[in-house]
Amino acid sequence: MPYPSGGSPRAWRSASLVATAAALLALTTACGQEKGDQSPNGQNVGNEAPAKGDGYGGDGGYGADSGAADKDADAKAKPAGQLAVWDSKKLGKVVTDSEGRTLYRFDKDTAQPPKSTCDAACLKAWPAVAADGAKAAPGVDESLLGEVTAADGTKQLTIDGWPMYRFAKDAEAGDAKGQGVGGTWYAAAPDGKKAAPAAAADTAPVDPAGLSTRKDPKLGEIVVDKNGMTVYRFTKDSAWPMKSACTGACLDKWPVVAPVDKNDTRGILKKGFTVFDRPDGRKQQTIDCWPLYTFSGDKKPGDTNGQGVGGTWYAASPQGKPVGAAK
């Protein structure tokens with residue numbers, strides 16, 4: 001029998017096998033996930049690098065000018081001394097050092113086991129609190145205090161396992177300018193948890209779904225997470241193959257939505273509701289294979305401050321589409 005292009009039977013059979021294998025691979029790869037290489041700047045291969053003024057909506061990442069932090073005398077590890085509690089109307093009960101300076105915790109750290117992920121550059125903006133001589137705040141169990149070694153070698157104070165930091169931009173007692181920076185830094189409560197007003201528990205929705213929807217007066221039906229925070233799409237991402245163009249410092253401003261059980265959703269498209277195994281090791285929830293994010297600039301449920309940022313970020317519809325994006 002004749003073979004395409006005049007090739008030999010062996011060559012034709014080899015080409016056919018290669019095509020079949022490629023088709024099977026495509027079918028068995030969920031949402032076209034690729035674990036391929038990344039370019040030197042961290043951008044996934046196949047995605048254009050974000051332009052300057054890239055729409056990430058933020059600075060280099062740590063929330064403080066490193067130059068300013070270098071000049072700040074407080075940008076060094078200092079002992080905490082006698083811890084105290086500051087009852088803030090906005091933040092609730094906040095733990096402070098002996099000078100009344102707000103102490104913070106970092107979401108990228110871990111408490112079990114205690115681990116600090118704030119590197120040397122980060123510590124210029126968020127100096128570690130030295131554990132030496134620290135005493136628990138009155139009424140707080142002393143056994144909650146501990147220590148861990150920070151990147152600069154400091155024996156860093158931990159409270160219930162969470163490493164403690166100060167913020168270089170807090171100039172005096174009572175300042176809490178680090179609250180919510182990057183969507184990862186929060187004032188610490190005396191027990192090591194995130195500080196929160198008592199009223200917050202009273203107004204929180206009962207048994208909120210991991211992902212659900214709400215009717216926004218301007219945008220219509222949009223996706224929200226279990227805390228009621230708006231969920232976003234990045235138009236530089238792709239669904240097939242599934243890739244994220246938000247890497248590095250971008251993720252400080254646009255944290256990924258963690259995996260959600262499909263049964264813990266309301267009003268969300270279940271097609272392509274899968275978990276994206278990112279090249280950076282994070283696991284990210286998707287709708288219709290599109291990666292999902294929240295925005296650190298949203299401070300409370302109902303905020304949509306990320307809408308339209310850089311012409312690339314848009315609230316996600318229940319079908320995973322970017323609401324208001326140009327078609």
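I will talk about the aromatic rings in this structure, and about two arginines that sit over rings. Please keep in mind that the model is predicted.

Let me begin with the ring pairs, of which the structure holds 12. One of them is formed by Trp-126 and Phe-167, whose centres are 4.1 Å apart with 25° between the planes, and since planes under 30 degrees apart count as stacked, that is how this pair is classed. As for where the two rings come from, Trp-126 belongs to the loop between α3 (120-125) and β7 (129-130), whereas Phe-167 belongs to the loop between β10 (162-163) and β11 (185-187), so the contact ties together parts that are 41 residues apart in sequence. Both Trp-126 and Phe-167 are buried.

Another pair is made by Tyr-232 and Trp-254, where the centres lie 5.5 Å apart and the planes stand at 80°, so this one is edge-to-face. Here Tyr-232 is part of strand β14 (residues 232-234) and Trp-254 sits in the loop between α5 (250-253) and β17 (275-277), so the pair joins parts that are 22 residues apart in sequence. Tyr-232 and Trp-254 are both buried as well.

Coming back to Trp-126 and Phe-167, I should add that ring pairs link them with Tyr-104, Phe-106, Tyr-165 and Trp-185 into a cluster.

Finally, the arginines: Arg-105 lies over the face of Trp-162, at 3.8 Å from the ring centre, while Arg-233 places its charged end over the ring of Trp-290, 3.7 Å from the centre of that ring.

Notes. Residues are numbered from 1 along each chain as its sequence is written. This is a predicted model: local features need pLDDT of at least 70, side-chain atom pairs count only at pLDDT 80 or more; totals for chains, interfaces and linings use all residues. Side-chain values use heavy atoms; hydrogens and water are left out. Rings of Phe, Tyr and Trp (its six-membered ring) pair if their centres lie within 6.5 Å; planes under 30 degrees apart count as stacked, over 60 as edge-to-face and the rest as tilted. Helices (H or I, at least four residues) and strands (E, at least two) are DSSP runs, numbered from the N terminus. Buried means under 20% relative accessible area, exposed over 50%, partly exposed in between (1.4 Å probe, protein chains only). A charge sits over a ring if NZ of Lys or CZ of Arg is within 6 Å of the ring centre and within 35 degrees of the ring normal.
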